[in-house]
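Hello,

I am passing a structure on to you, and I hope you enjoy looking through it. Please have it open while you read the notes underneath.

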Amino acid sequence: MDINFSSQDDQQSAARCDWDFSLSTVVSSAANATVSDTLGVIEFDPSNTVLATGGIARKIRIYTLSSLLLPHEETVSVSATVQSQGERSTAFLDHANACNYYISTPAKLSSLRWKPGSDGRVLGSGDYDGVVMEYDLERKVSIFERDEHSGRRVWSMDYSHSDPFLGASGSDDGTMQMWDPRLGEGGRCVAKVQPTAARSPVCCVEFDPFGDALVAVGCADRKAYAYDVRRTAEPVYTFDGHTKTVTYVRFLDGRTMITASTDGCLKLWNVDGSGLIRTYKGHVNSRSFVGLSVWRQGGLVGCGSENNQVFVYDKRWGEPIWVHGFEPTGRDRLDHGFVSSVCWRQVTEEQCTLVAGGSNGVLHVFSGKRKSET
């Protein structure tokens with residue numbers, strides 16, 4: 001089910017959709033699967049040709065984009081089916097056939113990030129047991145392990161883009177820690193931040209990818225903070241506007257940042273701390289991590305929703321420009337699911353790709369094409 005909120009746009013300031021979106025591929029498991037497989041995280045590699053997913057099933061699955069994009073009907077393998085709806089076709093695949101390979105992990109995964117400068121070879125993870133690990137994907141083995149959050153869940157981890165060896169992780173223990181794997185076994189902690197005296201959980205961490213020496217964190221105290229990585233004693237900026245836990249922070253460009261919260265809102269901020277620019281509403285989010293991703297070149301924001309829909313916002317307007325409802329499958333028919341993760345492919349084109357994962361373990365791949373001007 002698609003809903004286009006711009007179809008009756010009669011005001012110049014109202015949200016309009018400049019894109020035609022369609023569902024290209026659905027990837028699910030066998031109908032008799034009984035293991036919970038909520039997809040908590042989806043990440044494209046730096047080349048935007050490889051996709052990694054992780055979640056409850058204790059597996060990192062690796063896909064090539066070519067295996068997920070809609071095959072031509074004459075070349076469809078026996079492991080895929082294609083359903084046509086008018087001029088649009090959707091491929092239905094099984095994870096076992098679509099996935100290039102998987103790596104078993106010791107714990108449930110909450111975060112994945114590709115390590116900059118590793119040519120897509122090294123993937124970092126944060127897990128429910130409070131451990132940060134790195135995996136060599138060519139050898140399919142772990143090459144680094146850090147257990148410094150006292151066994152409390154790591155919600156998020158990221159790497160610095162200016163110094164790819166510098167990593168950061170945020171945890172239920174109320175800290176964000178920065179570490180360097182080159183400094184001894186387990187990577188010595190080079191900085192530790194405790195944003196609140198009450199040790200409110202740190203739910204998200206992201207380094208500024210545009211060259212500034214900032215790292216942003218979002219906390220259960222309803223605020224987001226930005227720290228200078230060279231001087232972390234106090235935050236340089238505080239972003240105060242949400243009414244519940246801040247679950248995600250994403251830098252949209254060199255000047256702005258998006259935050260998500262279980263108050264059901266996304267907010268766009270000036271990175272320099274000069275204030276709130278815009279609030280985005282429409283999706284449903286009161287208790288779960290539903291994913292947040294930004295397509296920087298296109299100025300689009302994607303997020304999940306607890307009513308089992310994926311939402312797309314244009315940064316210019318506070319209302320969604322496109323919504324797609326996931327069809328219930330298997331166990332999901334009995335247990336109301338939700339969209340738990342999203343990820344944009346970061347390419348500069350007139351076309352875009354958005355991948356969304358559900359609490360039922362199903363992947364949806366959407367293709368977007370900019371509408372021609374008439």
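Below are some notes on two sheets, a pocket and a cavity.

First, some ground rules: this is a predicted model, in which local features need pLDDT of at least 70 and side-chain atom pairs count only at pLDDT 80 or more, while totals for chains, interfaces and linings use all residues. Residues are numbered from 1 along each chain as its sequence is written, and side-chain values use heavy atoms, with hydrogens and water left out.

Let's begin with the sheets. Strands are DSSP runs (E, at least two residues), numbered from the N terminus, and two of them pair if DSSP finds at least two bridges between them. One open sheet has four strands in the order 3-4-5-8, paired antiparallel. Strand 3 (39-44) and strand 8 (101-104) are at its edges with a single partner strand each, so one side of each has no neighbour in the sheet. From one strand to the next, the twist averages 20 degrees (axes are lines fitted to C-alpha atoms, and angles run from 0 to 180 degrees between N-to-C directions). Strand 3 is joined to strand 4 (residues 50-55) by five bridges, and Val 41 has Gly 54 in strand 4 as its bridge partner.

Another open sheet of four strands runs 13-14-15-16, also with antiparallel pairing. Here strand 13 and strand 16 (188-193) are the edge strands, each with a single partner strand. Five bridges link strand 13 to strand 14 (residues 167-171), where Gly 170 stands opposite Ser 156.

Now for the spaces. On a 1 Å grid over the protein atoms alone, a cavity is a set of points where a 1.4 Å probe fits but cannot get out; a pocket is an open set with protein on both sides within 12 Å along at least five of seven lines, and lining residues have an atom within 4 Å of a point. A volume is the space filled by probe spheres set on the points, which are joined across faces, edges and corners.

The largest pocket has a volume of about 1100 Å³. Its lining has 50 residues, and Ile 42, Glu 43, Leu 112, Arg 113 and Arg 250 are the closest to its centre. Strands that each supply at least two lining residues include strand 3 and strand 13, both met above.

The largest cavity has a volume of about 40 Å³. Among the residues lining this cavity are Asp 37, Leu 39 and Gly 54, and strand 4 gives the most to the lining, with three residues.

Happy exploring!
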